[in-house]
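Below is a note on the two-chain model you asked me to look over. The points follow the order in which I would check them on screen.

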Amino acid sequence: MTCIVRRKQYRKMRPCLTGMASGTMIFMDIEFVRKRSELYQRIRDFFNSKDYLEVETPILSETLIPESTISCFSTFFRSEFHSSRDYYLIPSPEVHMKRLIGQGYGNIYQIARCFRNSEQIGSHHNPEFSMLEWYTMDANYRDSILMTERLIKAVCTEDTPDHVRAPFEILSVAEAFKAYAELDLDSLMRPSLMREAIRAKGLSEGDTQASWEEMFNRLFLTFVEPEISSEHPVLLIDYPRALQCLARPIKGTPYRERWELYIGGIEVANCYTEMTERSTVKSYFEEEFAQLCSIRAVSGETIPDIDETYHEMFTDDYPACSGVAIGLDRLLMAIHSIKTIQGVILFPFSDTIGKR
Amino acid sequence: MIKAGQVEKGMALLMKGQPFIVVEREFVNPGKGSAFARIKMKSPTTGQVLRETIKTQDSVEDISVDDKDCQYLYNDGEMYYFMENDTFEQFEIPMATFPDYKVLMKDGDSYRISMWGDKPLNIVIPYKVIYIVAEAQEAVKGDTVQGASKIVTTETGLKVKVPIFIKQGEKILVNTETKEYLERVNN
């Protein structure tokens, strides 16, 4: 028997039941649906008042920027009239927003649905999530810190805890390694030295073929990330060059112009001074795609198509810019002290799956 | 050998020749990086804590254990004392290895103990357990997420946040992992 609840009656039912995560019922008050709506309004007011243009780009994309560590969702476009082919759900709106920048759109922002496959579904991950991404022209990653600090202040409400409102603590990745892992990152830039550090810190040897990046991540995740303060937002800045990405390298150092923001010990934002040099973008695409293909030949994960001409738009006129991406579900959790992502999402993905 | 991605809380692993019990396991994807399992382990004999982060695709050495049903007798602040139900043999486990089990285990109840040879490695606490409310304290101001609630203490000393209608002497079902109230149990 189908039970029809009229809209008026339904709106009276609160709190509404949204899920059964790990056997526990989570009640999501309708207030949180309203709080998300208010958050988006504040974000739009903030950027509109600073003359950023809100854009909307496809979430179903024919190509993606290769990222060997991000697994994507693919779907099939079927047509009698056109050639059928695979399309991909975007892991971030970057691929299209960078095209708009090349066309001279200037400062832009977007609130987009993004998708990441194969991640552990838990209290901080939903495969479908909301992301705020914005780009500022003639700016670098340091300029973006100021913008982000202002944005966080602008979206806080009367029930936002002090640890979210506090000024950012800015700490370089090398400083964090020294403080929490007692390691001098500058002197560990060779794989053999990194392997030595892994041994000295008591981690298991692991794969002898492990890349520098993997060893860095093991040390970072074991000794550094868990120590990041929850008392105030922490901005970890200047990531090693060996972590391949489209952030500009810092001249004369083994680091890149990239930061990540942690609030309450949880990673909520990522920022680069964007790489706009055509030849570097081209070689990144080639190397990262080769890496992605070799990993996925083993794992069987989807290999997305890439646009082999993507680098061509990076002409000498392409503006210098900095881009920031913020996970809005996590931001909403932080500003209202909610511990699980299921507490801020209607119909969370975790309700739909069984345990392996 | 198993993949690090298959490691679960409560499993016994052999690290550098020593048995360790997984007490926390979290999967993490760093901003730019593949999936890792971040594991916190404890030695069941010394209570020593070991932290590891391993790629989910890499292998770790698991220990196959024998599960035995044992009665929990008491603790003396240092050790938990158990008796094997079949052989009536008594043995102890350092409390430092499982400090929070003090308020989860009930004297006289049976628990499954994972044995590695004659070494007890792990105590399995059922996922959901019924407790009696021994003490019901004052109500705390209701937050907007879960409605009005208060803190009660069970007969084992466990403090649980419950809805305000729960009274002293009533039975409640608790998730032992999160230590959260699930529902009231009627007699």
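1. Start with a charged pair in chain B. B:Glu26 is partly exposed, with a relative accessible area of 39% (buried means under 20% relative accessible area, exposed over 50%, partly exposed in between, with a 1.4 Å probe and protein chains only). Its partner B:Arg38 is buried at 14%. Their side chains form a salt bridge at 3.2 Å, N to O (a side-chain nitrogen of Lys or Arg within 4 Å of a carboxyl oxygen of Asp or Glu). B:Arg38 sits in strand S4 (residues 36–42) of chain B and B:Glu26 in strand S3 (residues 18–28) of chain B, so the pair ties together parts twelve residues apart in sequence. Helices (H or I, at least four residues) and strands (E, at least two) are DSSP runs, numbered from the N terminus.

2. On the basis of the values: this is a predicted model, in which local features need pLDDT of at least 70 and side-chain atom pairs count only at pLDDT 80 or more, while totals for chains, interfaces and linings use all residues. Residues are numbered from 1 along each chain as its sequence is written, chains are lettered from A and ligands numbered from 1 in the order in which they are written, and side-chain values use heavy atoms, with hydrogens and water left out.

3. A second chain B pair is B:Asp69 with B:Arg112, a salt bridge whose closest N and O atoms are 3.2 Å apart. B:Asp69 belongs to strand S7 (residues 66–75) of chain B and B:Arg112 to strand S10 (residues 110–116) of chain B, so this bridge ties together parts 43 residues apart in sequence. B:Asp69 counts as partly exposed at 37% relative accessibility, and B:Arg112 counts as partly exposed at 44%.

4. Chain B as a whole has zero helices and 16 strands. Its C-alpha trace spans about 50 × 50 × 25 Å along the principal axes. Of its 187 residues, 44% are buried. Taking contacts (heavy atoms within 4.5 Å) between residues of chain B at least 6 apart in sequence, 41% join residues at least 24 apart.

5. In chain A, look at A:Arg85 and A:Asp305, whose side chains meet in a salt bridge of 3.1 Å, N to O. A:Arg85 is in strand S6 (residues 85–89) of chain A and A:Asp305 in the loop between helix H9 (278–299) and strand S13 (321–327) of chain A, so far along the chain that 220 residues separate them. A:Arg85 is partly exposed at 24%, as is A:Asp305 at 35%. A:Glu62 joins A:Arg85 and A:Asp305 in a network of salt bridges. Over all chains, the count comes to 24 salt bridges.

6. Which residues have the most contacts inside the largest nonpolar core? They are A:Phe47, A:Leu132, A:Trp134, A:Phe177 and A:Trp259, in a core of 72 residues. Helix H8 (residues 212–224) of chain A gives the most to this core, with eight residues. A nonpolar core is a set of buried Ala, Val, Leu, Ile, Met, Phe, Trp, Tyr and Cys residues joined through side-chain atoms within 4.5 Å. In soluble globular proteins, nonpolar side chains tend to be buried together. Leaving aside neighbours within four places in sequence, A:Phe177 is in contact with A:Glu182, A:Leu183, A:Leu185, A:Phe216, A:Leu219, A:Phe220 and A:Val224.

7. The axes of helix H7 (residues 191–200) of chain A and H8(A) come within 10 Å and cross at roughly 30°. That makes H7(A) roughly parallel to H8(A) (angles under 35 degrees count as roughly parallel, over 145 as roughly antiparallel, 65 to 115 as roughly perpendicular and the rest as oblique). Axes are lines fitted to C-alpha atoms, for helices over the stretch in contact, and angles run from 0 to 180 degrees between N-to-C directions. Among the residues of H7(A) that meet H8(A) are A:Met194 and A:Ile198, and on the H8(A) side they include A:Phe216 and A:Leu219.

8. Is A:Cys245 buried or exposed? A:Cys245 is buried, with a relative accessible area of 5%, and lies in the loop between strand S10 (234–240) and strand S11 (255–263) of chain A. Not counting residues up to four places away in sequence, A:Cys245 touches A:Arg256, A:Arg258, A:Tyr272, A:Tyr284 and, in chain B, B:Lys32. The C-alpha atoms of A:Cys245 and A:Glu288 are separated by 8.8 Å, with the two positions 43 residues apart along the chain.

9. Two backbone angles are worth a look. A:Asp138, a residue other than glycine, has a positive phi near 50°; A:Asp138 lies in the loop between strand S8 (128–137) and helix H4 (141–155) of chain A and is exposed at 68%. B:Lys179 is not a glycine, yet has a positive phi of about 60°. B:Lys179 lies in the loop between strand S15 (171–175) and strand S16 (180–185) of chain B and is partly exposed at 26%.
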